[in-house]
Structure formats: C-alpha cells, structure tokens
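Visitor: I have a structure open on my bench screen. Walk me through the reasoning behind the labels, please.

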Amino acid sequence: MSNQLLYQCVVLDNEDPLMLGRVRARLLTDNYYDMLKSFDNPPWNPQTDPWSTRDPFVFNPLLPYFLYQVPKVDELIYILYYNDDFKYRNQFYVQAMFSSPTSAPFEFYAGAQKFTGVGVQFKNPLPIKNQDGTFKNNGVKGVFPEPGDNALLGRGNADVVVKENGVLIRANKIKGSFRQNTMPSGNDKGGFLQLTKFDINKTYDKTKILTELLEDVLMTNYVVEYQIINPENTQNKYSGYVYLYKLKPDLRVNTKNIQVDSSIEDLKSLISTQEFRALSFDDTVSFINQSIYTFNSKNKIDGRVIFNPIEKFPIYYRPTPSMYSLISANISQTPNKDAYKLVNDVFNKIRLNSSADKNGYGLIYAQNKVGQPYKLKKSTQDVYKFNKTPVTMGSFAADKVFLLSQQTEIPGKGGINFDGTLYGITNEQYVQEIIPKTSSMVRGEELMELINLIVRFLITHTHAFPGLPPLPVGYDGSTSTAILTELQNAANKILNANIRLN
C-alpha cells in the first residue's frame, strides 16, 4: 500500500470547454507520450479526445467553483485521488505553492518545487522581510497581504484585501510590473476602493493658533567698547574713550557666539571715537551710558551719518579687552586695588536701560531692546473631537473616476453605449465612448463661493442713473471684476474634469 498523499503534475492545458476550472495535466513521474500510444482501440485522437470522457489527463479543481483560480500552462499542481490504486480516475488538483510572491504572474513548474524535497538544488528566493519582521526595503511595505488578513490575489497588479475592520480593492499597487525575484516598489497613486470601520469617530473641531518664541541668530554689525585710561587716580577725575567699530561678518560675532571676552580684534574697523576728560565717577558712568544710548537711538553722530538704519542692529557693547582683563582679574593678584575697584564699580553701572538683564555689557538687537534676539513663530494646529461611537468611511480613488448610470444621459451628448462591458470597460471604450458623454463634477463649496459673490453684488449694487449699467463696486465691497475673475477660474476651481458623471 502506497503512503503517498499528493502527486506533482505539470499543467498541459487550462482552457476547459465547460469553464469549470478543470485542467489537463501530466504526472511528473509518467511519460505523457507513452500513455498516448497506449490508446489503440481506437487510437488517441488529438483533435476530439482531449477534454472528453476518454481523456485521463483531466483534473477537477479541489476548491469549490465559487473560488475560481486556475493555474497556467507549465505551472505545478498537486493532485489527489479517491483511490491512488486507480490513477487518472476521480482526480482533483490544487495549485502548488510559489517560490516567491514576485512569481505570481507565472511560476514554471520546476521553480515551484523550491520548498519540496528536491528544492535544495534551486537558488534561494529573495526574502521580503527580515527575521525580526521588518521589511528588507520599506518601498515594498503594503504590497503584499500581512499575516492575519485575508486576500484574493491577482496574477499581476490587483488584489482584494479583507482586514479585520475593512476591505481594500486595489489596482496598480506596484510601480511597473512584477519581475521574478526582484523587489517591487509600492505605488501610492494606484486606484483603490476602501471601506473601513473605525472604532473611534474623529472629527474636526477648530484650528488653534500656536505662538512660539524662537532664538533668532543674527550677525552682529557693530561693537561699542569703553575704556578708562586712568582708573588708578584718586582725585575722582577720570578720562577715557568710547569707541564704535564696524564688524566684518564672521561666525564669532553672530548673536549666539559674541561675548564680553570674545577675541575679535581682526574683525573691527573704527567708525567713531567719543572722548571724555577729568569726569567724576558719576559723570563717567553717565557719559558711557549716554554714548551707548546715542549709538542705539541715532543714525547721525557729530553731524555725520554713521548708520544705515537697515543694517544698524545688532550692536554689542562691552569694555575694551584691556579694561575687561582688569575687571576679571583676581583681586589678590592685582597690584592696584583702587584701579580694580574703580573699573568694577563702573562696569556694574553700565547698561543701556533698565530692561537690560546684565551690567557692563549687552546685545542691542533692536532700538532700545537688549538681550538675545527672538522671533515669534506662529503656526496653526487642528484640534479634533473624539467620539467612541464607531463610524464607517468609504473612499474610491483613481486617476480618473466615473459615476455612470445606464438610464440617464446628458442632453446633447447622447447616452453611453454599454455593449461589450460585461467583463469590464476597456481603455478604448473609456476614451471613445465614456469621456465624450460625461461631464466634470462640481466642487460644492467652491461653487457656493461664486454664487455668494454674485448674490452679494446683486443685492448691494447701485446705478449712477436709471438705465445706466451698475457701478462696479457694491455697498459691501463686492465687485463685478471679482465675479468675472471667479468665472474665468471656474473651469479649474469649481469643476473637476477627472471626476465625471453622465
């Protein structure tokens, strides 16, 4: 007694005259032509005997008729017998497995044996996923059904995927066509029909305006430096200078990098010098602060134009490097304690205005504004409401969409001839018959905008004198020009030529 359950066959013919999905096939272990020679009474007739009751090579589909799937010629099938002691009688087939999803258009019978006992001699197919379940190439994600979903797969670029809460019918799901053992690339622009149930109903509520304060990094254009040349004197008579320098553009002097101790001597060009002599401590502080304020508030200094208002700010003010080295020195290592105290006391009183958060130095990023520059960024965020009541949604997307009725026609265009469309509409029928006899769909909201504009002008317009045309501007500001402009744009704004109906 044989223990074999399945036998391998190669398909010879799949054009069943009864259209029941039967195939003619031969066992890989049998010689087809030797079997034909065994028909001697009468001999085998290749014209009349195939598909007849004499034909032992006809196999019935094991799947029920309502799941119609017929293999191609030269593809591999598995066959079963009611009783394998009587081969070629009461025999059924199922399609053999494929070596790769990319072989769906056609798999030669030898390649379909990859995952059988003789398959070790064949090259391993290209895996779609890694061992951890991630995709080898993200471009292929979504092309093939996932575990847990049910699907009806076409031989090419179309399928039907039934998910837990939705149905997806697709065409042109990949770019190009399948090539065996070549990773396909998914096409997000294909045609599809989707019906989905969502457990939570998400609806638009309002748009919220968000305001964000972001640091604005600018190039510092000028630096103001002050210097006391005799800080060691004990007569309360101080002299010194306030310098204004133009800065060359450099990463070191952008508003994020420039500091009170930045080394930028190679970037400075002297523009103005303000000198003071024999001033008291308070007058010295006042002179330096007033000079900084003058640079901040005026474009003319000593009767000449110093600043281009467009390129004036930011301005950085600070002590000169030599004065700052004394300010920042260690008092225990300073030979002249009086000079040390004087420059620190002055430093701690220098500021543009009361809004300055630091003494002695600062960045003026705009007139009377001290600190790091910031810009206000406004953005919008849609706010949604969530309802736990389930909702179903349906979508139909394609390059061109047609909504057709067999019982209506557009006056003047005639009715569509649906003859020959029982098994689908051909490209020629779309181009020659359907497009000429359909019209563009109207976008509702955009149409209402035009109607509203016309009505507003209609009820608010005036005439300069009875019998004259209306004035071009209505009481509410609506204009005849705006109406004419909207009418000119209507073909593209209001009509959608790619969604058509009859």
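Guide: What follows takes the labels one by one and sets each value against its rule. Keep in mind that this is a predicted model.

Visitor: How do you know that the span of helix α6 agrees with its number of residues?

Guide: Helix α6 covers residues 444-460, which is 17 residues. At 1.5 Å a residue, the expected span is 24 Å. The C-alpha atoms at its ends are 24 Å apart, so the two values agree.

Visitor: What makes one side of α6 a buried face?

Guide: Start with the buried residues: Leu-450, Leu-453, Phe-457 and Thr-460. Viewed down the axis of α6, they fall within an arc of 125°, so they line one face of the helix. An α-helix has 3.6 residues a turn, so residues three or four places apart point the same way.

Visitor: What does that face pack against, and which exposed residues are turned away from it?

Guide: The buried residues of α6 pack against α7, residues 480-493. The face turned away carries Glu-445, Met-448, Leu-458 and Ile-459, which are exposed.

Visitor: How does the span of α2 compare with what is expected?

Guide: α2 has 17 residues. From first C-alpha to last it reaches 24 Å, close to the 24 Å expected at 1.5 Å a residue. Its buried residues include Phe-281, Val-285, Ile-288 and Ile-292. Polar names are on that list too, among them Thr-284, Asn-289 and Ser-291.

Visitor: Which residues touch the most other members of the largest nonpolar core?

Guide: That core has 31 residues. Val-224, Ile-288, Ile-292, Tyr-317, Val-346 and Ile-350 touch the most other members. Several elements each supply at least two residues, including β11 (222-228), β13 (268-279), α3 (321-327) and α4 (337-347). α2 gives the most, with five residues. In soluble globular proteins, nonpolar side chains tend to be buried together.

Visitor: What is Val-346 in contact with, beyond its neighbours within four places in sequence?

Guide: Val-346 is in contact with Ile-228, Phe-281, Val-285, Ile-288 and Met-323. Contact here takes heavy atoms within 4.5 Å. Another core lies apart from the one just described. This other core has 18 residues, among them Leu-27, Phe-59, Ile-77 and Tyr-88.

Visitor: Why is the pair of Tyr-241 and Tyr-243 called stacked?

Guide: The ring centres are 5.6 Å apart, and the planes make an angle of 20°. A pair needs centres within 6.5 Å, and stacked needs planes under 30 degrees apart, so both conditions are met.

Visitor: Why is Tyr-243 called buried and Tyr-241 partly exposed?

Guide: Tyr-243 has a relative accessible area of 18%. Buried means under 20%, so Tyr-243 is buried. Tyr-241 is at 22%. That value lies between 20% and 50%, so Tyr-241 is partly exposed.

Visitor: Why is the pair of Tyr-324 and Phe-347 called tilted?

Guide: The centres are 6.3 Å apart, with 50° between the planes. Under 30 degrees would be stacked and over 60 edge-to-face, so 50° counts as tilted. Tyr-324 sits in helix α3 and Phe-347 in helix α4, 23 residues apart, and the pair links these distant parts of the chain. Phe-347 is at 9% relative accessibility, so Phe-347 counts as buried.

Visitor: What makes Lys-268 count as a charge over the ring of Tyr-245?

Guide: Lys-268 lies over the face of Tyr-245, at 4.3 Å from the ring centre. The distance limit is 6 Å, so 4.3 Å passes. Lys-202 lies over the face of Tyr-384, at 4.5 Å from the ring centre.

Visitor: Which peptide bonds are called cis, and what is omega in each?

Guide: A cis bond joins Asn-41 and Pro-42, with omega about -5°. Pro-42 lies in the loop between α1 (32-37) and β3 (58-61). The bond from Phe-313 to Pro-314 is also cis, with omega near 0°. Most residues other than glycine have a negative phi, and most peptide bonds are trans.

Visitor: What is phi of Asp-302, and why is Asp-302 called exposed?

Guide: Phi of Asp-302 is near 55°, a positive value in a residue other than glycine. Asp-302 lies in the loop between β14 (300-301) and β15. Its relative accessible area is 64%, and exposed means over 50%, so the label follows.

Methods:
Residues numbered from 1 in each chain as written. Predicted model: local features only at pLDDT ≥ 70, side-chain atom pairs only at ≥ 80, totals over all residues. Heavy atoms only, no water. Helix = DSSP H or I, 4+ residues; strand = E, 2+ residues; numbered from the N terminus. Expected span 1.5 Å × (residues − 1). Buried < 20%, exposed > 50% of the residue type's maximum accessible area, 1.4 Å probe, protein only. Arc of directions from axis to C-beta. Core = buried A, V, L, I, M, F, W, Y, C linked by side-chain atoms within 4.5 Å. Phe/Tyr/Trp six-rings, centres within 6.5 Å; stacked < 30°, edge-to-face > 60°. Lys NZ or Arg CZ within 6 Å of the ring centre and 35° of its normal.
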